[in-house]
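Good morning. I have one structure to go through today, and I will take it place by place. Please have a look at it before I start.

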Amino acid sequence: VYWYGAVDDGVTDSTPGIQAAINAAKVNSQTLVFPAGNTGVYSLNTAFNSSAVLSISAPIKLSCAPGVWLKPSSSITNAQSIIYMTGTNQTGGGGVLASSQRQTIIDGCNIGDPANSVRYGNNGIVFDTTISNNNLFVQPIVQNLKITFSNIGAFSCFGSFAGCAILVVNSATNTYGGTYGAHFKDSMLAGGVNFWKAGDSNNLTNIFFPPNLT
């Protein structure tokens, strides 16, 4: 992400650089790497749109060096989720990924402010399959990360779509297939996880829901 202007100094707005790197990785089928060359904290001071700080519209691999944090600033609103993912037609038939398509992996990318465990914004990571065009994420892996509580409220995720560490949401009638075969593992997810009509065979392994991350 350095090549696109993102800086892990905890101050510089890295949203435009990270979004540009996401867009390039989508086109070139590359893994997006977040180094820890300075403080390890990438400040997110602006947002892609009214609902997403960072928008991802195709399978992607995000790999963060140990200790890297994506830190939403106080300018991020309670309507804006940090990593918002929508994807289109990711199966090659029979639930198997087509050779030209890739599995989404998010590895080691912590979300929040490591100094005080506060996270501005709505949900940490959203897999949204409610939109048309056969949206679907197949067998994504999210692992080795920490997500702090949203300032919306520590327990707001329960019974709602707000303030979750991870939200996997689908249409009530499972119109577009949903996310299935997901594996969320080896992570600390303050605020909880909401699988709303998500899909089949989604797994949580070695997940901790701590009262805080301080």
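Which elements each supply at least two residues of the lining of the largest cavity? They are α1, residues 15-28, and β4, residues 52-56. Before I go further, please note that this is a predicted model.

Let me stay with the cavity. The count comes to 1 cavity of 30 Å³ or more. The volume of the largest cavity is about 40 Å³. Its lining consists of Ile18, Ile22, Phe34, Leu54, Ile56, Leu62, Leu70 and Ile83. What classes of residue are these? The lining of the largest cavity has 8 nonpolar residues, with no polar and no charged ones.

Next, the largest pocket. Its volume is about 240 Å³. Two elements give two or more residues to the lining of this pocket, namely α1 and β2, where β2 covers residues 31-34. So that you can find the place on the screen, here is the list, which I will read once. The lining residues are Val1, Tyr2, Trp3, Tyr4, Ala21, Ala24, Ala25, Gln30, Thr31, Leu32, Val33 and Pro35. By class, 10 of the lining residues are nonpolar and 2 are polar, and none is charged. Note that α1 has now come up twice: it supplies at least two residues to the lining of the largest cavity, and it gives two or more to the lining of the largest pocket.

Some names from the pocket return at the surface. Tyr2, Trp3 and Tyr4 make a nonpolar surface patch of about 430 Å². These three residues are also among those that line the largest pocket. Where is Tyr2 in the chain? Tyr2 lies in the segment before β1, and β1 runs over residues 9-13. Tyr2 has a relative accessible area of 34%, so it is partly exposed.

Val7 is in that segment before β1 as well. Its relative accessible area is 27%, which means that Val7 is partly exposed. Now find Thr39, which is 32 residues from Val7 along the chain. The C-alpha atoms of Val7 and Thr39 are separated by 9.3 Å.

There is a second pair of this kind to show you. Asp107 is placed in strand β8, residues 105-107. With a relative accessible area of 24%, Asp107 is partly exposed. Its partner in this pair is Lys185, 78 residues apart from Asp107 along the chain. How many Å separate their C-alpha atoms? The separation is 10.0 Å.

My last topic is backbone angles. Most residues other than glycine have a negative phi. Asp186 is not a glycine, yet it has a positive phi of about 50°. Asp186 sits in strand β16, which covers residues 183-189. Is Asp186 buried or partly exposed? Its relative accessibility is 35%, so Asp186 counts as partly exposed.

Lys197 is another case. Its phi is positive too, near 50°, and Lys197 is a residue other than glycine. Where is Lys197 found? Lys197 is in the loop between β17, residues 193-196, and β18, residues 203-208. Lys197 counts as partly exposed because its relative accessibility is 45%.

To go back over the main places: the largest cavity, at about 40 Å³, the largest pocket, at about 240 Å³, and the patch made by Tyr2, Trp3 and Tyr4. That is the end of my part.

Terms used: Residues numbered from 1 in each chain as written. Predicted model: local features only at pLDDT ≥ 70, side-chain atom pairs only at ≥ 80, totals over all residues. Heavy atoms only, no water. Helix = DSSP H or I, 4+ residues; strand = E, 2+ residues; numbered from the N terminus. Buried < 20%, exposed > 50% of the residue type's maximum accessible area, 1.4 Å probe, protein only. 1 Å grid on protein atoms, 1.4 Å probe; cavity = no way out; pocket = protein on both sides within 12 Å on 5 of 7 lines; lining within 4 Å. Points joined across faces, edges and corners; volume = space filled by probe spheres on them. Nonpolar A, V, L, I, M, F, W, Y, C, P; charged D, E, K, R; others polar. Patch = residues over 30% accessible without salt bridge, like charges linked within 9 Å, V, L, I, M, F, W, Y side chains within 5 Å. Areas by Shrake-Rupley, 256 points an atom, 1.4 Å probe, with all protein chains shown as cover. Salt bridge = Lys/Arg side-chain N within 4 Å of Asp/Glu carboxyl O.
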